[in-house]
Structure formats: structure tokens, C-alpha cells
Amino acid sequence: MRRARPGAVSKGSRGSAGRALTSVAAGETYEQGAAGEPTDTVAEEGPRLWHITLSVSGAEAPLAEVRRGLEQLAHDHPFLLTSRYAVDHAEIRYWEEARDLHDAAAVALRLWGEHRQTSQLPPWEIVGLEVIDRQTYHQRIAEGYGPLPATPVGVHPF
């Protein structure tokens with residue numbers, strides 16, 4: 001007996017024949033248009049703070065160059081709280097102000113690539129991203145879980 005998830009198409013068929021998409025109702029924070037359809041705007045909610053942890057990794061690079069690049073990035077962008085680094089990976093933590101998680105994640109995913117040249121960062125790829133809201137961050141800290149507060153602030157080896 002072959003098992004498949006509901007609505008899945010067999011390997012032999014291509015396209016969407018036999019599959020139906022369903023929608024999920026938007027939460028109360030989303031506005032509805034004239035026809036009762038949800039719009040893309042968040043109802044009466046301004047920007048929020050999001051705690052970002054960006055992890056990058058790649059081929060080994062001289063430790064002094066990694067440190068200098070991260071220090072330059074922190075100098076150019078003082079919102080960075082802390083960076084930890086080794087010869088083949090680094091972690092950058094900071095607060096981002098954004099409308100929602102999607103916006104905060106989009107900005108975070110562009111950070112390394114957009115500043116690789118100007119800060120002379122290693123040609124590493126992003127291998128991890130965590131985006132959590134301020135309330136979740138503080139709840140984790142209070143319960144003894146999650147990333148410790150970014151102290152000391154700055155660029156430090158692992």
C-alpha cells in the first residue's frame with residue numbers, strides 16, 4: 001500500500017491536475033477590503049522590534065580579516081549589537097524595526113550580501129536566520145532559554 005499526503009499528485013503527473021488550493025482566513029490584525037477580502041496591510045499597527053540572529057558560514061578566512069570586516073560592518077551600521085566569529089563562520093545579532101516578520105527577515109537576509117563589498121566581509125553564505133519579536137525574546141530570557149542578552153556589545157571570537 002502506498003501512502004501519500006491528501007491532495008498530493010503522483011510522481012508521474014505534472015501540473016496541478018487533481019490538486020486544489022484552499023485559503024485560510026486572515027487574523028484580526030489584517031484589514032478587509034470592500035469585498036470582504038483581506039488586504040496586504042496590517043490594521044493600525046506600526047513598526048515593531050524584532051531580534052535578529054544571522055548565521056553565516058563558508059571557506060576559512062584569516063581571523064584578523066573576519067574581525068576587521070565585522071568591525072567595519074558594526075561601524076557602518078551601529079544597530080548591530082554583537083558579532084561572534086571564527087575562521088569559517090560568524091553570527092550577527094541585532095534589533096530590527098519592521099512592520100512584520102516578513103519585512104524584518106527580508107532586511108536581515110540582504111544584510112550580508114549588500115555589505116560584503118563595502119565591509120570586505122568573507123564570501124560566506126547565510127546558513128541560519130532567526131527572527132523573533134520583542135515579547136518572545138524577553139520571555140525566553142526570563143525563562144532562561146534562547147540567546148543571552150547581547151553583552152558585551154561588539155565583535156568577539158566564539
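## Strand β3 and its sheet

Ser-55 stands opposite Glu-91 in β5. On the other flank, Ser-55 stands opposite Gly-128 in β6. These pairings come from a predicted model.

**The sheet**

The sheet is open and has 5 strands. Their order is β6-β3-β5-β4-β7, and the pairing is mixed. β3 therefore sits between β6 and β5 in that order. The edges belong to β6 (125-133) and β7 (154-157). Each edge strand has a single partner, so one side of each lacks a neighbour in the sheet. From one strand to the next, the twist averages 20 degrees.

How many bridges join β3 to β6? There are 8, and the two strands run antiparallel. β3 also pairs with β5 in the antiparallel sense, here over 10 bridges.

| Strand pair | Sense | Bridges |
|---|---|---|
| β3 and β6 | antiparallel | 8 bridges |
| β3 and β5 | antiparallel | 10 bridges |

Helix α3 (residues 134-143) lies across β3, β5 (89-98) and β6. The helix runs at about 90 degrees to β6.

**Thr-53 within β3**

Thr-53 belongs to strand β3, which covers residues 48-57. Is Thr-53 buried or exposed? Its relative accessible area is 10%, so Thr-53 counts as buried, the cut-off being under 20%. The bridge partner of Thr-53 in β6 is Glu-130. Glu-130 is also one of the residues that Thr-53 touches. Leaving out residues up to four places away in sequence, the other contacts of Thr-53 are Glu-91, Ile-92, Arg-93, Gly-128 and Leu-129. Glu-91 and Gly-128 appear again here: Glu-91 is opposite Ser-55 in β5, and Gly-128 is opposite Ser-55 in β6. In a regular strand, side chains alternate between the two faces of the sheet.

**Glu-60, after the strand**

Glu-60 lies in the loop between β3 and α1 (63-76). Glu-60 is exposed, because its relative accessible area of 67% is over the 50% cut-off. Which residues does Glu-60 contact, leaving aside neighbours within four places in sequence? They are Val-87 and Asp-88. His-89 is 29 residues from Glu-60 along the chain, yet their C-alpha atoms are separated by 8.1 Å.

**The chain as a whole**

The chain holds 3 helices and 7 strands. Along the sequence, the pattern reads β-β-β-α-β-β-α-β-α-β. Of its 158 residues, 27% are buried. The chain exposes about 10,800 Å². Carbon and sulfur atoms supply 52% of that area. Among contacts with a separation of 6 or more, 65% involve residues 24 or more positions apart.

**Confidence**

The average pLDDT of the chain is 78, and 68% of the residues score at least 70. Which element has the highest mean pLDDT? That is β6, with 96. Strand β1 (residues 30-32) has the lowest, with 46. Over residues 1-33, pLDDT stays under 50. The model gives those residues 26 contacts beyond four places in sequence. Residues 36-43 also have a pLDDT below 50. This stretch has 21 contacts in the model beyond near neighbours in sequence.

Note on methods
Residues numbered from 1 in each chain as written. Predicted model: local features only at pLDDT ≥ 70, side-chain atom pairs only at ≥ 80, totals over all residues. Heavy atoms only, no water. Helix = DSSP H or I, 4+ residues; strand = E, 2+ residues; numbered from the N terminus. Buried < 20%, exposed > 50% of the residue type's maximum accessible area, 1.4 Å probe, protein only. Contact = heavy atoms within 4.5 Å. Pairing = 2+ DSSP bridges. Axes fitted to C-alpha atoms, helices over the stretch in contact; angles between N-to-C directions. Areas by Shrake-Rupley, 256 points an atom, 1.4 Å probe, with all protein chains shown as cover. pLDDT = per-residue confidence, 0-100.
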